[in-house]
Amino acid sequence: MFPGRKANPRAKPLAKDARGLRRGVSSVSRVQQLAGLVKGFVRRWQSGGDREAVEGARRCRRGLPDCQGCEKRHLHGYYTRFIVVGGWHCEIRVPRLRCPVCGRTAAVLPWFLAPRSPYPWCLRQAVIVAYLTGREGYRPASAGFGLDWQLVWAWLDALAREAKELLARLIGIARRYRWVPAPVEPGPRDVDACRMKALSRWKREALAASKALLLEAYRLWLAGRDLGLYWPEPDPDGILGFLEVLCETPF
Ligand SMILES: [Zn+2]
């Protein structure tokens, strides 16, 4: 997973903290900023990014069940996906691959979209970070991003349930590779900081672990970028999507 490569001379020095997980910006301007970011992603996808993704997916057997033919998957049409960020929305074409042997099809999703949802990773991440780092409850934090609070609750709940285990895996990586800075594990004060957000001790620990997980993934991404590693989508707004790819990869 981490082939040795020369350091990337153009890379910026490693940040000491996760300032890339932006906070302190009003959610209205943040939503506009995210819509602009996603528009750029869509343009890249429509001007050849989709073809590159198809080629990459054809070569990659990751996550596929054992089938002798899946390496020879071919393009098998497209379907349309909606993308929504605040008041902006658009449609994109998503290619489908089909295996000539087992007949299974698989969508080739763009790096910025989560499965079965019109909301890009960066929007999910922004509202989760706004909630975790701010003083607001679910309703105001979600409303600022034009999202239902129940949806945001479900996203964070799903992340929180996995957070401790994922964090342990990331910390394992950080300890194994000297090029990743020493990991920061959440302490009692971090758990205590979540007391306004959750009644149960378990949930407070899970929320603190979620915050630490995003920071740790960001630090790992920065360290990898400085080494010149190819990360799926080098952008601090894409940490959730990056985690998704990391979790699919055995490490
Ligand atoms: Zn197959």
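This is a guided tour of a predicted model, arranged as a series of selections to make in the viewer.

**The whole chain**

Begin with the chain coloured by secondary structure, where seven helices and three strands can be picked out. Followed from the N terminus on, the elements run α-β-β-β-α-α-α-α-α-α. Of the 251 residues of the chain, 31% count as buried, and among contacts between residues at least 6 apart in sequence, 64% join residues at least 24 apart.

**The sheet**

Next, select the three strands, which form an open sheet in the order β1-β2-β3 with antiparallel pairing. Its edge strands are β1 and β3, each of which pairs on one side only, and the twist from one strand to the next averages 25°. With the sheet still in view, add α1, a helice that packs on the sheet by touching β1 and β2, and whose direction makes about 15° with that of β2.

**From β1 to β2**

Now narrow the selection to β1 and β2, which are paired in the antiparallel sense over 10 bridges. To see one position of this pairing, show F82 together with its bridge partner in β2, E91. The two strands β1 and β2 form a hairpin with two residues between them, and in the turn G86 has a positive phi of about 60°.

**From β2 to β3**

Move on to strand β2, residues 88–98, and its other neighbour β3, to which β2 is joined by three bridges in an antiparallel arrangement. Here R96 can be shown standing opposite A107 in β3. These strands, β2 and β3, also form a hairpin, with six residues between them, and G103 in that turn has a positive phi of about 80°.

**The loop after β3**

Continue along the chain into the loop between β3 (105–107) and α2, and select R116, which is found there. Phi of R116 is near 55°, a positive value in a residue other than glycine. Is R116 buried or exposed? R116 is exposed, because 8 other C-beta atoms lie within 10 Å, and a residue counts as exposed at 12 or fewer.

**The nonpolar core**

Finally, turn to the largest nonpolar core, which has 54 residues, and in which V127, L213 and A217 have the most contacts. Which elements give two or more residues to this core? They are α1 (27–59), β1 (74–85), α2 (121–133), α4 (149–176), α6 (201–227) and α7 (239–248), and each can be selected in turn. The helix α6 gives the most to this core, with 13 residues. If the two domains are coloured separately, the core can be followed across them, as at least three of its residues are drawn from each of domain 1 (23–115) and domain 2 (119–251).

As a last stop, centre the view on L213, one of the residues with the most contacts inside this core. Not counting residues up to four places away in sequence, L213 touches A163, L166, L167 and L170.

Note on methods. Residues numbered from 1 in each chain as written. Predicted model: local features only at pLDDT ≥ 70, side-chain atom pairs only at ≥ 80, totals over all residues. Core = buried A, V, L, I, M, F, W, Y, C linked by C-beta atoms within 7 Å. Buried ≥ 20, exposed ≤ 12 C-beta atoms within 10 Å, placed from the backbone. Helix = DSSP H or I, 4+ residues; strand = E, 2+ residues; numbered from the N terminus. Domains from an automatic or database assignment. Contact = placed C-beta atoms within 7 Å. Pairing = 2+ DSSP bridges. Axes fitted to C-alpha atoms, helices over the stretch in contact; angles between N-to-C directions.
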